[in-house]
Amino acid sequence: MKPYRNLAWRSPLTIILVLAAVAFLGLGLRAFLIPEAASAFFGAPAIAPEALVFVKAYGARNMALALLALTLVWMDLRAPVAALLALAALVAALDASTMFGFSGLPGAAKHLAYVAGLGGLSIITARGMGKPALTESQVPR
C-alpha cells in the first residue's frame with residue numbers, strides 16, 4: 001500500500017506550529033505597515049525614514065518566512081519545518097546579540113526568550129519526524 005501522510009490538524013504540535021507561523025506573519029505585517037510601532041516593540045525605536053525602510057524589510061522577511069512555515073506545515077514536511085525553526089532561533093540569537101550591544105540584558109531578554117521558544121519547538125518538531133507514515137487503511141475516515 002502506498003503511504004499517505006495524515007496532516008493531523010488536531011495534533012497539539014501542528015496547532016502550535018500554525019499559531020507560531022501566524023504570530024510571525026502578524027509581526028511581519030505590523031513591521032511592514034506600522035514600522036514605528038514595530039521598531040519600538042523590537043527594542044530600538046526608530047522614526048527616521050531611512051531606519052523605517054529597514055524595519056519594513058524586516059517585516060517583509062518575517063511575512064515570507066511565516067508563509068513558508070505555513071506551507072511546509074500544510075505539506076506535512078516536518079524536517080524542513082524543524083530546520084526553519086532552528087534557523088529562526090539563530091536569527092533571534094543574532095537579534096539578542098544586537099540588542100545586548102544596544103541596551104544590555106533588558107533589551108536582549110525578549111529575544112533570548114524567542115531563542116528558547118523557537119529552539120525548543122524545533123527540537124520537538126524534529127523528534128516527531130521519526131514516526132512512520134500512515135497507510136491508506138490507517139487514515140481516519
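**A buried ion pair and a helix-lined pocket**

Arg-78 is buried in this predicted model, because its relative accessible area of 12% falls under the 20% limit. Its side chain meets that of Asp-76 in a salt bridge, with 3.3 Å from N to O. Asp-76 likewise counts as buried, as its relative accessibility is 7%. In general, side chains of opposite charge can pair when their charged atoms come close. The structure holds one salt bridge, and it is this pairing of Asp-76 with Arg-78.

Leu-77 offers a pleasant contrast in the loop between α3 and α4. At 33% relative accessibility, Leu-77 counts as partly exposed. Together with Trp-9, Trp-74 and Met-75, Leu-77 forms a nonpolar patch on the surface. The accessible area of these residues together comes to about 440 Å².

Turning to the pockets, the largest one has a volume of about 580 Å³. Its lining is made up of 31 residues, and Phe-24, Leu-27, Asn-62, Ala-88 and Leu-118 are those that lie nearest the centre of the pocket. At least two lining residues come from each of α1 (12-33), α2 (35-42), α3 (49-74) and α4 (78-127). Of these helices, α4 gives the most, supplying 14 residues. Sorted by class, the lining of the largest pocket comprises 24 nonpolar residues, along with three polar and four charged ones.

Note on methods. Residues are numbered from 1 along each chain as its sequence is written. This is a predicted model: local features need pLDDT of at least 70, side-chain atom pairs count only at pLDDT 80 or more; totals for chains, interfaces and linings use all residues. Side-chain values use heavy atoms; hydrogens and water are left out. On a 1 Å grid over the protein atoms alone, a cavity is a set of points where a 1.4 Å probe fits but cannot get out, and a pocket is an open set with protein on both sides within 12 Å along at least five of seven lines; lining residues have an atom within 4 Å of a point. Grid points are joined across faces, edges and corners, and a volume is the space filled by probe spheres set on the points. Helices (H or I, at least four residues) and strands (E, at least two) are DSSP runs, numbered from the N terminus. Ala, Val, Leu, Ile, Met, Phe, Trp, Tyr, Cys and Pro count as nonpolar, Asp, Glu, Lys and Arg as charged, and the others, Gly among them, as polar. Patches are made of residues with over 30% relative accessible area and no salt bridge: like charges are joined within 9 Å, nonpolar side chains (Val, Leu, Ile, Met, Phe, Trp, Tyr) within 5 Å. Accessible areas come from the Shrake-Rupley method with a 1.4 Å probe; for residues, only the protein chains shown count as cover. A salt bridge is a side-chain nitrogen of Lys or Arg within 4 Å of a carboxyl oxygen of Asp or Glu. Buried means under 20% relative accessible area, exposed over 50%, partly exposed in between (1.4 Å probe, protein chains only).
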